[in-house]
Amino acid sequence: DEDHQQADWVGIHELICQLLIPTTVSLPAPLSEKERQHHREQLLKRQKLILGLAQSRAQQLVLEGKPKEALPAALCALRFSSRLHGSDSVQLVPAYLTLAEISRESGDLQQAFRYLCQSQWIVLSTPGCSVALQALLHHHLGLFCAAKGSFEQALHHLSHEVYLTCSMLGPRCVEASGGYFHMAKVFLHQNKLEVADSLCAKVTSLWHGFLVRSLQAQLRNGKSPPEMSLLSKAEGAQGAPLTAAQAAEGLRLLPAVLRIRAQDPMRRPEETARTLQALAMLHYLAEDFPK
């Protein structure tokens, strides 16, 4: 109906409408083998482009807290991933996991469970599946278990996510902070405040160290004002510039840590200050100077 058409248009169709046309029309005949080969190559490029646009659009809308608006883009990503790689390919897992996240955020845990089962079956039946994909699967399984109140299972999956991520990127990687944070939320639900507090401190520590290193990288490129030069003396290895995805993740996690700490403002105030300083560095790197 009209509402579904509008949702599809806003979610993804507007971005890919012109790209879709050559993927649905029949070839004029007769064509030489060279012309058919050229058409196949162009079709493949368009399908890959559509897949990339759909995946990034779905993730963008999920990060913005718009799961229902993200659904058409996620379904489009699954459809084109299946066309490109086959219905049982491990390449479909990111699309299934995005759909599981959308279903979970929308409150449809039964549908989320189905998508997660499909993802897990593909990962388990794929020899040599990448560590990154295994970590991503454990992340979504952990969030699903937490949403349905299975806290011990949630901790099992989230701790596996942290372990796999750190084994791949090192123990100081900021990519592990999400796993630590969601474990902290589970321990809060269990009223284990000391453990939750230590995990929140770990999240802050990872981001603080990462942002100091990012600022150092900016200083080396001569892009920071003189008053920031004190940060160049802080501890930290050589850093790299902050990416948009990292900025979005930091802006999601660090304020959430602050909200948890606001429930007991006198508990370890130095950690609250450290979190605020990390947020200040993050906003500085994102060039949001008033914040």
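Is Lys66 buried, partly exposed or exposed? Select Lys66 and show the surface: this residue is partly exposed, with a relative accessible area of 35%. (Buried means under 20% relative accessible area, exposed means over 50%, and partly exposed is in between, using a 1.4 Å probe and protein chains only.)

Before you go on, note that you are looking at a predicted model, where local features need pLDDT of at least 70, side-chain atom pairs count only at pLDDT 80 or more, and totals for chains, interfaces and linings use all residues. Residues are numbered from 1 along each chain as its sequence is written, and side-chain values use heavy atoms, with hydrogens and water left out.

**Stop 1: the whole protein**

Switch to a cartoon view. You will find 11 helices and 0 strands. (Helices are DSSP runs of H or I with at least four residues, strands are runs of E with at least two, and both are numbered from the N terminus.) Of the 291 residues in the protein, 42% are buried. Now show the surface again: the accessible surface comes to about 16,100 Å², and 56% of that belongs to carbon and sulfur atoms. (Accessible areas come from the Shrake-Rupley method with a 1.4 Å probe; for residues, only the protein chains shown count as cover.)

How much of the contact network joins residues 24 or more positions apart? Among contacts with a separation of 6 or more, such pairs account for 63%. (A contact means heavy atoms within 4.5 Å.)

**Stop 2: back to Lys66**

Zoom in on Lys66 once more, in the loop between H2 and helix H3 (67-85). Add Ser106, which is 40 residues away along the chain, and draw a line between the two C-alpha atoms: their separation is 9.1 Å.

**Stop 3: the largest pocket**

Next, select Glu101, His139, His182, Glu249 and Arg252. The largest pocket holds about 1,400 Å³ of space, and of the 43 residues that line this pocket, those five are the closest to its centre. (On a 1 Å grid over the protein atoms alone, a cavity is a set of points where a 1.4 Å probe fits but cannot get out, while a pocket is an open set with protein on both sides within 12 Å along at least five of seven lines; lining residues have an atom within 4 Å of a point. Grid points are joined across faces, edges and corners, and a volume is the space filled by probe spheres set on the points.)

Which helices each supply at least two residues of the lining? Colour H2 (33-63), H4 (93-105), H6 (131-147), H7 (151-169), H8 (177-189) and H10 (244-262) to see them. By class, the lining has 24 nonpolar, 10 polar and 9 charged residues. (Ala, Val, Leu, Ile, Met, Phe, Trp, Tyr, Cys and Pro count as nonpolar, Asp, Glu, Lys and Arg as charged, and the others, Gly among them, as polar.)

**Stop 4: two valines**

Select Val131 in helix H6. Val131 is partly exposed, at 33% relative accessible area. Leaving aside neighbours within four places in sequence, Val131 is in contact with Leu164, Ser167 and Met168. The C-alpha atoms of Val131 and Leu164 are 6.4 Å apart, although 33 residues separate them along the chain.

Now move to Val162 in helix H7. Val162 is buried, at 9%. Beyond neighbours within four places in sequence, Val162 is in contact with Ala176, Gly179, Tyr180 and Met183.

**Stop 5: Arg261 and the cysteines**

Is Arg261, in helix H10, buried or exposed? Arg261 is buried, with a relative accessible area of 6%. Not counting residues up to four places away in sequence, Arg261 touches Asp197, Cys200, Ala201, Arg267, Glu271, Thr272 and Thr275.

Stay with Cys200, which is buried at 2%, then jump to Cys117, which is partly exposed at 34%. The disulfide count is 0 (a disulfide is a pair of cysteine sulfur atoms within 2.5 Å).

**Stop 6: two positive phi values**

Finish with Asn191, in the loop between H8 and H9. Asn191 has a positive phi of about 65 degrees although it is not a glycine, and it is exposed, at 60% relative accessible area. Glu287, in the segment after helix H11 (269-285), also has a positive phi, near 65 degrees, and counts as exposed at 60%.
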